[in-house]
Amino acid sequence: MDSRTLQEQAKKVALELPFTEHCWPFGPEYDVFKVGGKIFMLMGVARGRAHVSLKADPEKSLLNQAIYRSLEPGYHLNKKHWISLYAGDDITPELVTDLVLDSWHLVVDKLPKRDQKRIRPQ
């Protein structure tokens, strides 16, 4: 998957999720996606490489980093809880979708119960 397709896929998935806010608190060079006021995805360019950074479960993150060479610890973020995806043949639309969904759910899970029920009614 090339850089443009990677970022387009991640953005499409993120914006389809309920209560997602797309904003630019760090300037126009970083697209930020929030749910419940908390960031779950950032997109930008670092060292000339476009990336998508997402929250990730630490154990799952280590496993994914061992499997996918285009997935690295989060760029300029907590390396334990964030990952960054870069363009590569090993990155598929399904993987991007799964990682964006995981990130969104991780953030929603940490919100107060009343917000969780509003955002993700069961």
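Is Pro28 buried or exposed? Select Pro28 to begin. This is a predicted model, and in it Pro28 is exposed, because its relative accessible area is 74% and anything over 50% counts as exposed. Pro28 sits in the loop that joins strand S1 (20-23) to strand S2 (31-35). Now add Leu6 to the selection. The two residues are 22 residues apart along the chain, and 19 Å separates their C-alpha atoms.

**Two helices**

Leu6 belongs to helix H1, so keep H1 (residues 3-16) on display and add helix H3 (residues 93-109). The axes of these two helices come within 9 Å and cross at roughly 45°. That angle makes H1 oblique to H3. The crossing of H1 past H3 is right-handed.

Next, show the side chains where the helices meet. From H1, select Leu6, Gln9, Ala10, Val13 and Ala14. Their partners in H3 are Pro93, Val96, Thr97 and Val100. Of the residues in this contact, seven are nonpolar and two are polar, with no charged residue.

**A buried serine in H3**

Stay on H3 and select Ser103, which is part of this helix. Ser103 counts as buried because its relative accessibility is 0%, and buried means under 20%. Which backbone atom does the side chain of Ser103 reach? It is the backbone nitrogen of Lys55, at 3.0 Å. Leaving aside neighbours within four places in sequence, Ser103 is in contact with Phe40, Leu54 and Lys55.

**A buried serine in S4**

Move to Ser53, which lies in strand S4 (residues 49-55). Ser53 has a relative accessibility of 1% and therefore counts as buried. Show the side chains of His51 and Ser84 as well. The side chain of Ser53 makes a polar contact with the side chain of His51 at 3.1 Å. A polar contact with the side chain of Ser84 is found at 2.6 Å.

Now display what else surrounds Ser53. With neighbours within four places in sequence left aside, Ser53 is in contact with Phe40, Met41, Leu42, Tyr75, Leu77, Trp82, Ile83 and Ser84. Phe40 was also listed among the contacts of Ser103.

**After S4**

Select Asp57, in the loop between S4 and helix H2 (58-67). Asp57 is partly exposed, with a relative accessibility of 35%. The side chain of Asp57 reaches the backbone nitrogen of Glu59 at 3.2 Å. Add His81 to the view: Asp57 and His81 are 24 residues apart along the chain, and their C-alpha atoms are separated by 6.2 Å.

**Two positive phi angles**

The last stops concern the backbone. Most residues other than glycine have a negative phi. Which value does phi take at Phe19? At Phe19 phi is near 65°, which is positive, and the residue is not glycine. Phe19 is in the loop between H1 and S1. At 45% relative accessibility, Phe19 counts as partly exposed.

Finish at His76, in the loop between strand S5 (71-73) and strand S6 (82-86). Phi of His76 is near 60°, again a positive value in a residue other than glycine. His76 is exposed, because its relative accessible area is 67%.

Terms used. Residues numbered from 1 in each chain as written. Predicted model: local features only at pLDDT ≥ 70, side-chain atom pairs only at ≥ 80, totals over all residues. Heavy atoms only, no water. Helix = DSSP H or I, 4+ residues; strand = E, 2+ residues; numbered from the N terminus. Buried < 20%, exposed > 50% of the residue type's maximum accessible area, 1.4 Å probe, protein only. Polar contact = N/O pair within 3.5 Å; in protein donor to acceptor, adjacent residues only side chain to side chain. Contact = heavy atoms within 4.5 Å. Axes fitted to C-alpha atoms, helices over the stretch in contact; angles between N-to-C directions. Parallel < 35°, antiparallel > 145°, perpendicular 65-115°, else oblique. Left-handed = near helix turned anticlockwise from the far one by under 90°. Nonpolar A, V, L, I, M, F, W, Y, C, P; charged D, E, K, R; others polar.
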